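Trainee: I've got a protein model open and I don't really know how to read it. Could you walk me through some features?

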Amino acid sequence: MSIFVDISKHYESFNLDVKLEAGNETLGFLGASGCGKSLSLRCIAGLVTPNNGRIVVNDQCFFDSKRRVNLKPQKRKTALLFQDYKLFPNLSVATNIAAGIDAQLSKTEVHRRVSAQLERFGLKGFGSRYPARLSGGQQQRVALARMLAAEPQILMLDEPFSALDSHLKAELEENLMGLFEDFTGTVLYVSHDIDEAFRFCDRIAIIDDGHIVEVASAQQIVSHPQALATIKVSGVKNISRAQRVGDFQVRALDWGITLGTNQLVTHNVRYLGIRATYLRLAGIETQNVFEFLVRRVSDSRFVRHVMLDPGSISWQADKLLVPAQELPQKGQLLRLHFPPDKIYIVNH
């Protein structure tokens with residue numbers, strides 16, 4: 001199975017221009033709020049009509065602006081799980097699950113599919129209940145069951161855990177992993193959480209201001225980002241404008257320091273970044289060692305978060321490894337090492 005999307009949708013203050021291809025895989029859409037992730041799914045599902053372009057799923061044309069093809073959502077064989085699940089409050093669990101199944105199928109086949117999904121998602125005995133009597137986690141399982149009962153060609157999930165607490169999220173992640181393993185097709189998964197996308201997705205598309213700026217494996221996105229937007233959404237806190245000094249030297253303009261790096265620095269370099277966890281107290285190192293003043297500290301369970309000047313650089317000290325009396329304190333001067341193999345260099 002496969003999907004091809006090359007569309008544009010224009011609004012007064014926002015333009016979506018997305019081109020992607022995916023096969024039998026889970027492709028994540030990762031980006032900041034309002035970047036176009038959810039809008040892309042709605043265009044594929046037929047809930048929003050693009051201005052131009054094509055959408056083709058398994059050789060079936062869903063949309064083609066030149067040929068004036070625009071299948072109705074009911075004809076697209078897609079399943080889109082919204083953040084709020086969109087269950088019908090006046091229908092029972094079983095009837096909600098059956099709502100997406102082709103009305104032309106026999107009652108026997110509909111019953112078989114509904115029963116199979118009730119079993120899959122641990123909802124046996126809940127078929128006659130109504131959504132108001134279900135927990136948030138149970139409502140999500142009903143919504144997932146409804147998706148699969150329709151036997152769609154493509155699954156699309158729009159931040160499915162945004163409304164759940166951490167306990168329910170951990171429980172339902174297992175259900176979702178099983179669902180993805182069993183589904184032989186394309187899954188499009190919208191998230192703003194890099195860890196969530198990393199767990200579920202084979203590849204990740206980084207969307208920034210309506211455009212896909214990078215598509216790569218989850219590991220590549222984290223270890224070798226190629227764009228500023230990728231650095232930001234992958235959790236890097238320390239980012240500076242950059243200027244080339246030499247083949248393996250770059251000036252961090254916002255920090256006022258020059259860094260050596262293992263990555264070749266091109267003439268069109270624009271930004272550099274380093275994760276807070278990669279910074280180290282300097283020992284015997286002589287390269288990339290600089291002195292900073294601790295401006296502020298704050299504690300979480302296992303980490304002391306440290307804000308440094310100049311440059312408002314963020315560092316994290318592991319409280320499990322560093323004795324309490326040796327943790328950084330406000331007003332302290334520290335010598336920190338920037339490992340040259342941990343510095344990200346991007347050109348756009």
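**Reading the model, feature by feature**

Mentor: Let's start with one residue and its contacts. Leaving out residues up to four places away in sequence, Leu-281 touches Trp-315, Leu-334, Arg-335 and Leu-336. One caution before we go on: this is a predicted model.

Trainee: Where does Leu-281 lie, and how far is its C-alpha atom from that of Arg-335?

Mentor: Leu-281 lies in strand β16, residues 280-281. Its C-alpha atom is separated from that of Arg-335 by 6.0 Å, though the two are 54 residues apart along the chain.

Trainee: Does Leu-281 count as buried, partly exposed or exposed?

Mentor: Check its relative accessibility against the cut-offs: buried is under 20%, exposed is over 50%, and partly exposed is in between. Leu-281 has 49%, so it counts as partly exposed. Now try Asp-182, in helix α5 (residues 166-182). At 51% relative accessibility, Asp-182 counts as exposed.

Trainee: And which residue would show me the buried case?

Mentor: Take Leu-134, in the loop between α3 and α4. Leu-134 has a relative accessible area of 9%, so it is buried. Beyond its neighbours up to four places away in sequence, Leu-134 touches Val-93, Phe-126, Arg-129, Gln-139 and Val-142.

Trainee: How do I get a feel for the whole chain?

Mentor: Begin with a few totals. The chain has 348 residues, and 49% of them count as buried. You'll find eight helices and 21 strands. Along the principal axes, the C-alpha atoms fill a box of roughly 75 × 50 × 35 Å. Then look at the contacts with a separation of 6 or more: 62% of them are between residues 24 or more positions apart.

Trainee: Which residues touch the most other members of the largest nonpolar core?

Mentor: To read a core, look for buried nonpolar residues joined through their side chains. The largest one here has 44 residues, and Leu-155, Leu-157, Leu-176 and Ile-204 touch the most other members. Helix α4, residues 136-149, gives the most to this core, with seven residues. There is also a second, separate core of 29 residues, which includes Leu-27, Ile-44, Ile-154 and Leu-188.

Trainee: What is Ile-204 in contact with?

Mentor: Setting aside neighbours within four places in sequence, its contacts include Leu-27, Leu-30, Phe-198, Val-215 and Ile-221. Glu-214 is one of its contacts too.

Trainee: How many residues of helix α1 are buried?

Mentor: Here's the general idea first. An α-helix has 3.6 residues a turn, so residues three or four places apart point the same way. In this model, α1 (residues 37-45) is mostly covered, with seven of its nine residues buried. Among them are Lys-37, Leu-39, Cys-43 and Ile-44. Right after α1 comes Gly-46, with a positive phi near 90 degrees.

Trainee: How do I describe two helices that meet, and at what angle do α3 and α4 cross?

Mentor: Look at the distance between the axes, then the angle, then the residues that touch. The axes of α3 (residues 107-120) and α4 come within 9 Å and cross at roughly 140 degrees. The two helices are therefore oblique to each other, and their crossing is right-handed. At the contact, Arg-113, Gln-117 and Arg-120 in α3 meet Ala-145, Leu-148 and Ala-149 in α4. Sorted by class, that contact has three nonpolar, one polar and two charged residues.

Trainee: What should I look for in the backbone?

Mentor: Most residues other than glycine have a negative phi, and most peptide bonds are trans. Look for the exceptions. Arg-68 has a positive phi, near 60 degrees, and is found in the loop between β5 (60-64) and β6 (69-70). With 79% relative accessibility, Arg-68 counts as exposed. Lys-77 also isn't a glycine, yet its phi is positive at about 55 degrees. Lys-77 lies in the loop between β6 and β7 (78-81), and its relative accessible area of 36% makes it partly exposed.

Trainee: Which two residues does a cis peptide bond join?

Mentor: Asp-309 and Pro-310, with omega about 0 degrees. You'll find Pro-310 in the loop between β18 (303-309) and β19 (313-318).

Technical notes: Residues numbered from 1 in each chain as written. Predicted model: local features only at pLDDT ≥ 70, side-chain atom pairs only at ≥ 80, totals over all residues. Heavy atoms only, no water. Core = buried A, V, L, I, M, F, W, Y, C linked by side-chain atoms within 4.5 Å. Buried < 20%, exposed > 50% of the residue type's maximum accessible area, 1.4 Å probe, protein only. Helix = DSSP H or I, 4+ residues; strand = E, 2+ residues; numbered from the N terminus. Contact = heavy atoms within 4.5 Å. Axes fitted to C-alpha atoms, helices over the stretch in contact; angles between N-to-C directions. Parallel < 35°, antiparallel > 145°, perpendicular 65-115°, else oblique. Left-handed = near helix turned anticlockwise from the far one by under 90°. Nonpolar A, V, L, I, M, F, W, Y, C, P; charged D, E, K, R; others polar.
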